[in-house]
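Me: I am new to reading structures, and I would like to understand how each label is earned. Please answer slowly, setting the value beside the rule every time.

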Amino acid sequence: MVKLPVLTQQVALTKPPSGSIESQTSDIYGYLAMPAGAGQFPGIIVLQEIFGVNTHIRAVTERIASLGYVAIAPALFDRFAPGLELGYASADIELGRSYAEKTSAPQLLADIQSAIDYLKTLPQVQPHFGCIGFCFGGHVAYLAATLPDISVTASFYGRGITTFTPGGGEPSASKTAAIAGTMYMFFGMEDASIPPEHVAEIETVLTQNNIPHQIWQYPGAEHGFCCDLRASYNPTAAESAWAHVEELFDRLTI
């Protein structure tokens with residue numbers, strides 16, 4: 001596939017109405033990437049790991065834009081850690097997890113909707129939207145799939161989908177019936193944070209709710225296998241998964 005040149009910038013996203021979400025006291029920012037040439041393109045929301053909108057997430061956003069999409073990565077921790085960008089050391093993991101624990105499903109969904117609404121204001125964007133998320137963002141992507149605007153979702157190694165939801169309440173899997181689009185999910189079979197039974201439970205609940213979906217489980221792959229900045233990077237699994245992501249996002253242009 002021919003890759004397009006890409007333009008990038010940081011943009012402010014409009015916050016939801018005052019008072020609707022207690023924790024939302026200011027705008028958040030997003031990393032925007034789009035094809036440099038003229039045209040209209042579908043929109044993709046890129047959902048971060050616990051490490052913020054760091055080098056990896058920006059690279060993913062740019063990669064998606066180079067394929068012919070307008071992609072934006074909202075900074076989901078900006079409410080309490082503006083501009084956060086972490087690496088992958090133990091201290092970074094601990095700090096990132098502490099910020100993830102401060103989020104809630106309503107706040108996350110409101111911020112994702114803000115990113116979608118921002119894309120809708122751009123003349124380069126067609127009204128067709130998908131999302132992709134990794135790690136923390138893989139879980140959040142499952143929630144984002146319940147938004148009416150989202151037609152396709154790629155969720156990478158999202159932990160705890162069947163056991164909890166950000167901020168507390170019924171597990172995110174309990175929202176499965178609200179998913180209106182297609183779900184692709186990717187897991188490493190050596191991921192110690194996601195037991196095989198959890199993947200089986202996700203498969204069951206998606207099937208029971210008649211959600212179009214496919215789930216890939218990669219032998220020998222650990223958590224974070226798609227990030228080439230992590231020790232767990234698995235290029236074979238990552239290449240396979242990206243081919244499926246491109247196939248999924250192609251549905252937005254049909």
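Reply: Let us begin with the elements: helices (H or I, at least four residues) and strands (E, at least two) are DSSP runs that are numbered from the N terminus. With these names in hand, Asn 234 can be placed in the loop between β8 and α6. This is a predicted model, in which local features need pLDDT of at least 70 and side-chain atom pairs count only at pLDDT 80 or more, while totals for chains, interfaces and linings use all residues. Residues are numbered from 1 along each chain as its sequence is written, and side-chain values use heavy atoms, with hydrogens and water left out.

Me: Why is Asn 234 called buried?

Reply: A residue is buried under 20% relative accessible area, exposed over 50% and partly exposed in between, with a 1.4 Å probe and protein chains only. Asn 234 has 17% relative accessibility, and therefore it counts as buried. Contact is the term for heavy atoms within 4.5 Å, and Asn 234 touches Gly 220, Ala 221 and Phe 225 when residues up to four places away in sequence are not counted.

Me: How do you know which class Asn 210 and Thr 253 belong to, buried, partly exposed or exposed?

Reply: Asn 210, in the loop between α5 (196-208) and β8 (213-218), has 67% relative accessibility, so it counts as exposed. Thr 253, in the segment after α6, has a relative accessible area of 48%, so it is partly exposed. Apart from its neighbours within four places in sequence, Thr 253 is in contact with Pro 42 and Tyr 69.

Me: What makes the phi of Tyr 157 worth a remark?

Reply: Most residues other than glycine have a negative phi. The phi of Tyr 157, a residue other than glycine, is near 35°, a positive value. Tyr 157 is found in the loop between β6 (150-156) and β7 (182-188), and its relative accessible area is 0%, so it is buried. Asn 210 also has a positive phi, of about 55°, although it is not a glycine.

Me: What makes a set of residues a nonpolar core?

Reply: A nonpolar core is a set of buried Ala, Val, Leu, Ile, Met, Phe, Trp, Tyr and Cys residues joined through side-chain atoms within 4.5 Å. The largest one here has 49 residues, of which Ile 64, Ile 132, Phe 156, Phe 186 and Phe 225 touch the most other members. Helix α6 (residues 235-250) gives the largest share of this core, seven residues. A second, separate core of 35 residues includes Leu 13, Leu 32, Leu 84 and Ile 150. Leaving aside neighbours within four places in sequence, the residues in contact with Phe 156 include Ile 132, Phe 134, Phe 186, Phe 225, Ala 241 and Val 245.

Me: How do you know how many disulfides there are?

Reply: A disulfide is a pair of cysteine sulfur atoms within 2.5 Å, and by this rule the count comes to zero. The sulfur of Cys 135 has its closest cysteine sulfur in Cys 227, 9.9 Å away, which means that the two are too far apart for a bond. Cys 227 is in no disulfide either, its nearest cysteine sulfur being that of Cys 226, 8.3 Å away. Cys 135 is buried because its relative accessible area is 12%, and Cys 227 is buried because its relative accessibility is 0%.

Me: What makes an empty space a pocket and not a cavity?

Reply: On a 1 Å grid over the protein atoms alone, a cavity is a set of points where a 1.4 Å probe fits but cannot get out, whereas a pocket is an open set with protein on both sides within 12 Å along at least five of seven lines; lining residues have an atom within 4 Å of a point. Grid points are joined across faces, edges and corners, and a volume is the space filled by probe spheres set on the points. The largest pocket has a volume of about 460 Å³, and of its 20 lining residues, the closest to its centre are Ile 50, Arg 97, Cys 135, Phe 136 and Arg 159. Helices α2 (90-100) and α4 (136-144) each supply at least two residues of this lining.
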